[in-house]
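Student: Hi! Could you walk me through this structure?
Tutor: Happy to, let's have a look together.

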Amino acid sequence: AGQRGEGRRGLPCGDGSPVNRRLEFMPNNAGHAEFKFGVNYTVRLGYKWADLQVGQLVDVAKTGGAVIFKARVADVLTCKFDHVPAFVLRDHHDHNCNDVHILFSALQETYPGFKWDSEVTCVGFEDTTFKWDSEVAS
């Protein structure tokens with residue numbers, strides 16, 4: 001760990017530029033990942049993402065594919081899945097997962113053995129590339 005070119009947070013890649021951590025999302029039935037304007041949340045099993053810092057940049061990408069956009073971390077919290085706050089469900093990146101039971105089923109598909117009392121990390125993030133119409137016009 002900690003070797004040059006390894007692509008871990010805070011370490012330079014081979015050309016010396018910093019590397020953002022990569023949050024990957026599986027495409028939906030329409031073939032693309034779904035995000036909304038403003039802060040989006042994702043719920044991940046375990047603590048792998050718990051060390052993200054508010055304000056840190058991450059690359060949001062399709063699983064195994066290209067980066068979709070760069071995002072700024074807005075919030076990070078850990079809890080048992082059955083204690084995920086209502087605002088995380090409300091602002092979940094996939095509107096189909098605003099219901100806790102649907103999100104639970106989706107997480108079971110992603111993480112075999114996922115349980116109601118599994119420890120999760122909830123990451124709030126916001127697209128940094130979005131431009132208001134007034135910004136684009138100027």
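Student: Which residues of helix H2 are buried?
Tutor: In H2, residues 100–110, the buried ones are Leu103, Phe104 and Leu107. Buried means under 20% relative accessible area, exposed over 50%, and partly exposed in between, with a 1.4 Å probe and protein chains only. Helices here are DSSP runs of H or I with at least four residues, strands are runs of E with at least two, and both are numbered from the N terminus.

Student: Why are they on the same side of H2?
Tutor: Because they cover an arc of only 105 degrees around the axis, taken from the directions from the helix axis to the C-beta atoms. An α-helix has 3.6 residues a turn, so residues three or four places apart point the same way.

Student: What do the buried residues of H2 pack against?
Tutor: Strand S2 (39–45) and helix H1 (86–90), where contact means heavy atoms within 4.5 Å.

Student: And which exposed residues sit on the face turned away?
Tutor: His101 and Glu109 are carried there.

Student: Is this a predicted model or not, and what's counted?
Tutor: The model is predicted: local features need pLDDT of at least 70, side-chain atom pairs count only at pLDDT 80 or more, and totals for chains, interfaces and linings use all residues. Residues are numbered from 1 along each chain as its sequence is written, and side-chain values use heavy atoms, leaving out hydrogens and water.

Student: New topic: what's the strand order in the sheet?
Tutor: The open sheet of 5 strands runs S1-S3-S4-S5-S2, with mixed pairing; two strands pair if DSSP finds at least two bridges between them. Its edge strands are S1 (21–25) and S2, each pairing on one side only.

Student: How many bridges join S2 and S5?
Tutor: There are 7, in the antiparallel sense, with S5 covering residues 119–127. Arg44 stands opposite Thr121 in S5.
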